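Here are a few exercises to work through with the model open beside you. Try each one yourself before reading the solution.

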Amino acid sequence: MWKRIPEQIRHIVVPAVALVVIYLVVRQLLIPYGFGLWGHYRAPSVIQNAELSLKYAGGEVCIDCHSEIALAKKTGYHRGVACETCHGPAYAHTQDQEKHKPQINRARQACLICHEYLPSRPTGFPQVVADSHNPLKQCIACHRPHDPKPPTPPKGCEACHASIQRTLSVSHHGNLKCTTCHEVPKDHRFSPRGNPPKKLQTREACGTCHAKGSAAAKDIPRVDLESHGGKYLCWECHYPHMPEAR
Amino acid sequence: MRKERPGNGHDQSRRDFCRTILLGTLSLVVPGSVIGATGTKGLSDWYGTKYKPKEHLYAMGIKVDRCIGCGRCVDACKRENNVPDYPFYTRTWIERYITTEEGQTIVDSPNGGKDGFKAQVSDKKLLKTYFVPKICNQCHKPPCVQVCPVGATYKTDDGVILVDPEYCIGCRYCIQACPYGMRYFHPKTRVVDKCTFCYHRIVKGLLPACVEVCPTQARVFGDLKSKASPVIQFVRFNKIFVLKPDLNTEPKVYYADLDMEVR
């Protein structure tokens, strides 16, 4: 058989086979185990990534032992806040309760990291100006962290709507009470989102003070409701909490 | 149609020659791939069997209007994934956008937002201001994977972009390629590191650390292949934006209430 192959072919076949063998051997040596199995990468690397150790246990585990705290938290404003948000990673604690204790930070700063007033925070998120809000007291002296109801329901609207209050107070509407324009259900203070306050609905509502012929004080600017603003509602151009800024 | 060639002694036609070559090649490749496929059995006793990556496709939703800029996500991510505290590398971070009445936009992110934000000193009048959490977009078409010269970064079957720290040569090409700046060079391991959606957590059914600790549910995490997933709900009921859609990377981090200024 071998002899029947012409000589010139035999001379090529031998180095060709040798090259293929060398290629296969080198490839075997260079390409790591599992490479190309699932794609252009080492398959064991996926497993390595998937088997890294945990630090955060996840909220479900905590409830098994701390059911009474979970119960208190369930109806409070902090119901959406995970245990480990304040107490830090607790996987080690779930493995050995005695040796690893989760952190308990009682400092004011621990609460203020979320609740210090910042203009960038969304409106309605409860914020305080720490320098003026009982500066020498710990937060937990009045608020239970697992059910942080204020000790007395906020009296003024500014307790929660601080950014609106700040804008309003320097505007021409600064002397108006919130209830002049907003009808506030009694339960809004206890369950704010369930009982939202009402807003003005019509141009005539602003016209009570600003329409021509209104009985309000003389220095209040007047407009002709018929012609001013056309089809637009007042608050589509004038921000009611700062009406002079257009 | 075999043509007899006289006086040669070899009656191999061109077709036969091609067939032999083809069969020869196949006989090399087929056993090779079979060995390759069976040779990796026993990689893991649960991955691929108990947990099937092809049945999942992970994505995240971020509701910008809910972010309070507390930085708990940044802190949790660093603790969960051993991200160095200094220099200030982060796998996820929070940016604060401040647009003044003059129309100028200032963006800052002190220490990635890990220690929270201080009230802005600027007394310029604010037009609007808000926080935007940033995280690896886990693109459908990831440019970082495309440029890796050695295959050390890749997309898994469940749609997460991972790094193979043992195989990475530290050339930093992927850091250059990522249009979102989501990768950094780890100063200790000397390889590239990035957000993995906490891959070791999500394959066990846990949430990524940043989603776990977010106190206002600004971050939502879920599986796009499961109808009951919160991220499906998020995508259905919000107007969704992605970062830099013009780059055609098809991110899997969806933003709701995103402002035009955000890049």
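**Exercise 1.** How many Å apart do the C-alpha centres of domain 1 of chain A and domain 2 of chain A lie?

*Solution.* Keep in mind that this is a predicted model. Start by finding the two domains: the assignment for chain A gives residues 1-32 as domain 1, while domain 2 is made of 59-69 + 78-102. Then take the C-alpha centre of each; domain 1 and domain 2 of chain A turn out to have centres 64 Å apart.

**Exercise 2.** Find the open sheet of 3 strands in chain B and work out the order of its strands.

*Solution.* Step one is the order, which reads S3-S2-S4 in chain B, with antiparallel pairing. Step two is to look for strands that pair on one side only: those are the edge strands, S3 (105-108) and S4 (126-135) of chain B. Going from one strand to the next, the twist averages 20 degrees.

Now zoom in on one pairing. Strand S2 of chain B covers residues 92-100, and 4 bridges tie S2(B) to S3(B), the two running antiparallel. As a landmark, look for Tyr97(B), which sits opposite Val107(B) of S3(B).

What packs on this sheet? Helix H2 of chain B (residues 72-81) does, and it touches S2 and S4 of chain B. The direction of H2(B) makes about 160 degrees with that of S2(B).

**Exercise 3.** Describe the side of chain B that touches chain A.

*Solution.* Begin with the head count: chain B brings 43 residues to the contact, and chain A brings 36 residues. Next, ask which elements of chain B give two or more residues to that side: they are H2, S4, helix H5 (199-202) and helix H6 (209-213). Finally, sort the chain B side by class, and you get 20 nonpolar, 12 polar and 11 charged residues.

**Exercise 4.** Which residues have the most contacts inside the largest nonpolar core?

*Solution.* First, get a feel for chain B as a whole: there are 7 helices and 11 strands, and 38% of its 263 residues count as buried. Contacts reach far along the chain too: among those in chain B between residues at least 6 apart in sequence, 61% join residues at least 24 apart.

Then go to the core itself. The largest one has 71 residues, and Met60(B), Tyr199(B) and Cys210(B) have the most contacts inside it. To finish, pick Met60(B) and set aside its neighbours within four places in sequence: the residues in contact with Met60(B) are then Ile135(B), Arg219(B), Val220(B), Phe221(B), Val231(B) and Val253(B).

Technical notes
Residues are numbered from 1 along each chain as its sequence is written. Chains are lettered from A and ligands numbered from 1 in the order in which they are written. This is a predicted model: local features need pLDDT of at least 70, side-chain atom pairs count only at pLDDT 80 or more; totals for chains, interfaces and linings use all residues. Domain bounds come from an automatic or database domain assignment. Two strands pair if DSSP finds at least two bridges between them. Helices (H or I, at least four residues) and strands (E, at least two) are DSSP runs, numbered from the N terminus. Axes are lines fitted to C-alpha atoms, for helices over the stretch in contact, and angles run from 0 to 180 degrees between N-to-C directions. Two residues are in contact if their C-beta atoms, placed from the backbone, lie within 7 Å. Ala, Val, Leu, Ile, Met, Phe, Trp, Tyr, Cys and Pro count as nonpolar, Asp, Glu, Lys and Arg as charged, and the others, Gly among them, as polar. A residue is buried if 20 or more other C-beta atoms lie within 10 Å of its own, exposed if 12 or fewer, and partly exposed in between; C-beta atoms are placed from the backbone. A nonpolar core is a set of buried Ala, Val, Leu, Ile, Met, Phe, Trp, Tyr and Cys residues joined through C-beta atoms within 7 Å.
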